[in-house]
Amino acid sequence: MEATQFLAIQTETYKLGFIGAGKMAESIAKGAVQSGFLPAPRISTSIHSNPARRLAFESFGVKVLPQNRNVVEESDVVIFSVKPQVVRDVVLELRPLLTKDKLLVSIAAGTKLKDLQEWVGHSRFIRVVPNTPSAVGEAASVMCLGGAASEEDGELVAKLFGSVGKIWRADEKLFDAIVGLSGSGPAYIYLAIEALADGGVAAGLPRELAMGLASQTVLGAASMASKTGKHPGQLKDDVASPGGTTIAGIHELEKGGFRGTLMNAVIAAAKRSRELSQS
């Protein structure tokens, strides 16, 4: 069925539902509310047993309903944020309610659009790979539109995820590599922040000061790379003066295979993403 035959979602009044109330759903919901993009009463989810998860969502005003079916019935846009191993069962269970007038979105890692569309029986589906910094409005998300998702549907989802960071569109065949880079990447950077702070402590800094400096240094460097448009190699050269402290540190990083190790981490995570999507 063509996208033009679907009802357009009313962007000023639509209701958003999360099937799956994990950390990523919380990050996106909280980011959308805190940015002022979507009022909390227009967002719902369902939590069956975990009081901590219920409290997490209720703490910023999201409605917690008794069952997943209640969330679907209430929502115009439904985001599947369950673990990949259960997404098929969840979609099939809710299929009678997942009508073509609802825009469906999946952030389940490794679950392909062709499978999602087959399970639900139509292709008004959009797949998004977000990452956890959505909780602080700095997500790096990528989306791909299903066969019957309209450009208007794409714009709605781009604005939703754009309210919690930056979003790109890409062919789905690139998604495993995207998972390896931006999906898993925050964990690599947390390791780097921890290591920088440990280095500061080893050099004599108090722990709290070292951690603050490490976090802000990474944030500042990322902002420079993002906002100046300069190649990171140029930015590195700008800091590394002849015979100075920075080039001495860079030399140690090069001896340790720093760049190759980070490249290998992205490749290993992308490979694992492919394995999971084929299992």
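## A buried phenylalanine and its partner

At 12% relative accessibility, F60 counts as buried, and this phenylalanine offers a starting point for reading the structure, which is a predicted model. F57 is buried as well, its relative accessible area being 0%. The structure holds two aromatic pairs, and in one of them the rings of F57 and F60 have centres 6.0 Å apart and planes at 35°, so this pair is classed as tilted.

## The other aromatic pair

The rings of F80 and F125 lie with their centres 6.1 Å apart and their planes at 35°, so this pair, too, is tilted. F80 belongs to strand β4 (residues 77–80) and F125 to strand β6 (residues 125–129), so the pair ties together parts that are 45 residues apart in sequence. Both of these residues, F80 and F125, are buried.

## The chain as a whole

The protein chain contains 12 helices and eight strands, and its C-alpha trace spans about 65 × 40 × 35 Å along the principal axes. Of its 279 residues, 41% count as buried. When contacts between residues at least 6 apart in sequence are considered, 63% of them join residues that are at least 24 apart.

## G22 in its loop

G22 is found in the loop that runs between β1 (16–19) and α1 (23–34). With a relative accessible area of 27%, G22 is partly exposed, because a residue counts as buried under 20% and as exposed over 50%. Leaving aside residues up to four places away in sequence, G22 touches R53 and F57, the latter being the buried phenylalanine of the pair with F60. G22 and V82 are 60 residues apart in sequence, yet their C-alpha atoms are 7.4 Å apart in space.

## Helices α8 and α9

Two packed helices are described by the angle between their axes and the distance between the axes. For helix α8 (residues 185–202) and helix α9 (residues 207–228), the axes come within 8 Å and cross at roughly 140°. The two helices α8 and α9 are therefore oblique to each other, since an angle would have to be over 145 degrees to count as roughly antiparallel. The crossing of α8 and α9 is right-handed.

On the side of α8 the contact is made by I189, I193, L196, A197, D198, G200 and V201, while α9 contributes R207, A210, M211, A214, S215 and V218. Sorted by class, this contact of α8 with α9 has nine nonpolar, two polar and two charged residues.

## Helices α7 and α12

A further helix pair is formed by α7 (residues 175–183) and α12 (residues 258–278), whose axes come within 7 Å and cross at roughly 135°. That angle makes α7 oblique to α12, and the crossing of α7 and α12 is right-handed.

In this contact, D176, A177, V179, G180 and L181 of α7 meet V266, A269, A270, S273, R274 and S277 of α12. By class, the contact of α7 with α12 has six nonpolar, three polar and two charged residues.

Terms used
Residues are numbered from 1 along each chain as its sequence is written. This is a predicted model: local features need pLDDT of at least 70, side-chain atom pairs count only at pLDDT 80 or more; totals for chains, interfaces and linings use all residues. Side-chain values use heavy atoms; hydrogens and water are left out. Axes are lines fitted to C-alpha atoms, for helices over the stretch in contact, and angles run from 0 to 180 degrees between N-to-C directions. Helices (H or I, at least four residues) and strands (E, at least two) are DSSP runs, numbered from the N terminus. Angles under 35 degrees count as roughly parallel, over 145 as roughly antiparallel, 65 to 115 as roughly perpendicular and the rest as oblique. A crossing is left-handed if the near helix is turned anticlockwise from the far one by less than a right angle, and right-handed if clockwise. Contact means heavy atoms within 4.5 Å. Ala, Val, Leu, Ile, Met, Phe, Trp, Tyr, Cys and Pro count as nonpolar, Asp, Glu, Lys and Arg as charged, and the others, Gly among them, as polar. Rings of Phe, Tyr and Trp (its six-membered ring) pair if their centres lie within 6.5 Å; planes under 30 degrees apart count as stacked, over 60 as edge-to-face and the rest as tilted. Buried means under 20% relative accessible area, exposed over 50%, partly exposed in between (1.4 Å probe, protein chains only).
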